[in-house]
Amino acid sequence: MSYDDNNVFARILRGELPCRKVYEDDHALAFHDINPLAPVHVLVIPKGRYVDMSDFTENASDAEIAGFFRAVGRTAERLGLKEGGYRVLSNCGRDANQEVPHLHVHIFGGANLGPMLRRRDG
Ligand code: AMP
């Protein structure tokens, strides 16, 4: 899948759409999800043009990959989630129902988050 420069997170990165910023550095931007699914729900996105986790891990430089994951940890720390814990999740592609085609990880926290996924029968 080629990168769509008009996706909503590309527009946030360009400053064309607002966001509630939590953290920013050379490699990443973190901001509150517009439709939170937990008391704390923040998205962390790399600044480069990567569609999803597969694209990122295949094509990003070592510096981009290290910088991005360091930013995830720093964002969790800034949110005060280190002590109580948190969940990091990234939807990649069709079966994960990824909605926005710019790599992002979700950080959830602020309460016990329950089981990781609903258990399936069979
Ligand atoms: P995913 O299904 O993993 O692609 O998740 C996309 C997430 O982006 C959803 O949780 C949306 O609520 C969130 N989202 C969509 N548009 C915005 C926006 N303008 N600002 C913040 N979060 C957004």
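Start with the whole protein chain: for its 122 residues, a compact globule would have a radius of gyration near 14 Å, and the chain has 14 Å, so the two agree. Keep in mind that this is a predicted model. Still on the C-alpha trace, turn to the principal axes, where the span is about 40 × 35 × 30 Å.

Next, colour by secondary structure. The protein chain shows three helices and five strands. Walk from the N terminus and the elements come in the order α-β-β-β-α-α-β-β.

Now select the ligand. The space that the ligand takes is the largest pocket. Two elements each give two or more residues to the shell around the ligand: helix 1 (8-13) and strand 2 (28-32). Highlight helix 1 and look at its share, which is the largest in the shell at three residues.

Expand the selection to residues within 4 Å of the ligand. You should pick up 16 residues. Label the closest ones: Asp33, Asn91, Glu99, His104 and His106. Then colour the shell by class. Seven residues are nonpolar, seven are polar and two are charged.

Zoom in on the backbone next. Which backbone atoms lie by an oxygen atom of the ligand? Take three stops in sequence order.

- Asn97: a backbone N or O atom lies 3.5 Å from a ligand oxygen atom.
- Glu99: a polar backbone atom is 2.7 Å from an oxygen atom of the ligand. Glu99 is also among the closest residues labelled earlier.
- Val100: a backbone N or O atom sits 3.1 Å from an oxygen atom of the ligand.

Finish with surfaces. Show the ligand alone, then add the protein. On its own the ligand has 510 Å² of accessible area, and the protein covers 85% of that.

Methods: Residues are numbered from 1 along each chain as its sequence is written. This is a predicted model: local features need pLDDT of at least 70, side-chain atom pairs count only at pLDDT 80 or more; totals for chains, interfaces and linings use all residues. Side-chain values use heavy atoms; hydrogens and water are left out. A polar contact is a pair of N or O atoms within 3.5 Å; within protein, one must be able to donate a hydrogen and the other to accept it, and residues adjacent in sequence count only if both atoms are side-chain atoms. Accessible areas come from the Shrake-Rupley method with a 1.4 Å probe; for residues, only the protein chains shown count as cover. On a 1 Å grid over the protein atoms alone, a cavity is a set of points where a 1.4 Å probe fits but cannot get out, and a pocket is an open set with protein on both sides within 12 Å along at least five of seven lines; lining residues have an atom within 4 Å of a point. A molecule sits in a cavity or pocket if more than half of its atoms lie within 2 Å of its grid points. Helices (H or I, at least four residues) and strands (E, at least two) are DSSP runs, numbered from the N terminus. Ala, Val, Leu, Ile, Met, Phe, Trp, Tyr, Cys and Pro count as nonpolar, Asp, Glu, Lys and Arg as charged, and the others, Gly among them, as polar. The radius of gyration is taken over C-alpha atoms; the globule rule is 2.2 Å times the number of residues to the power 0.38.
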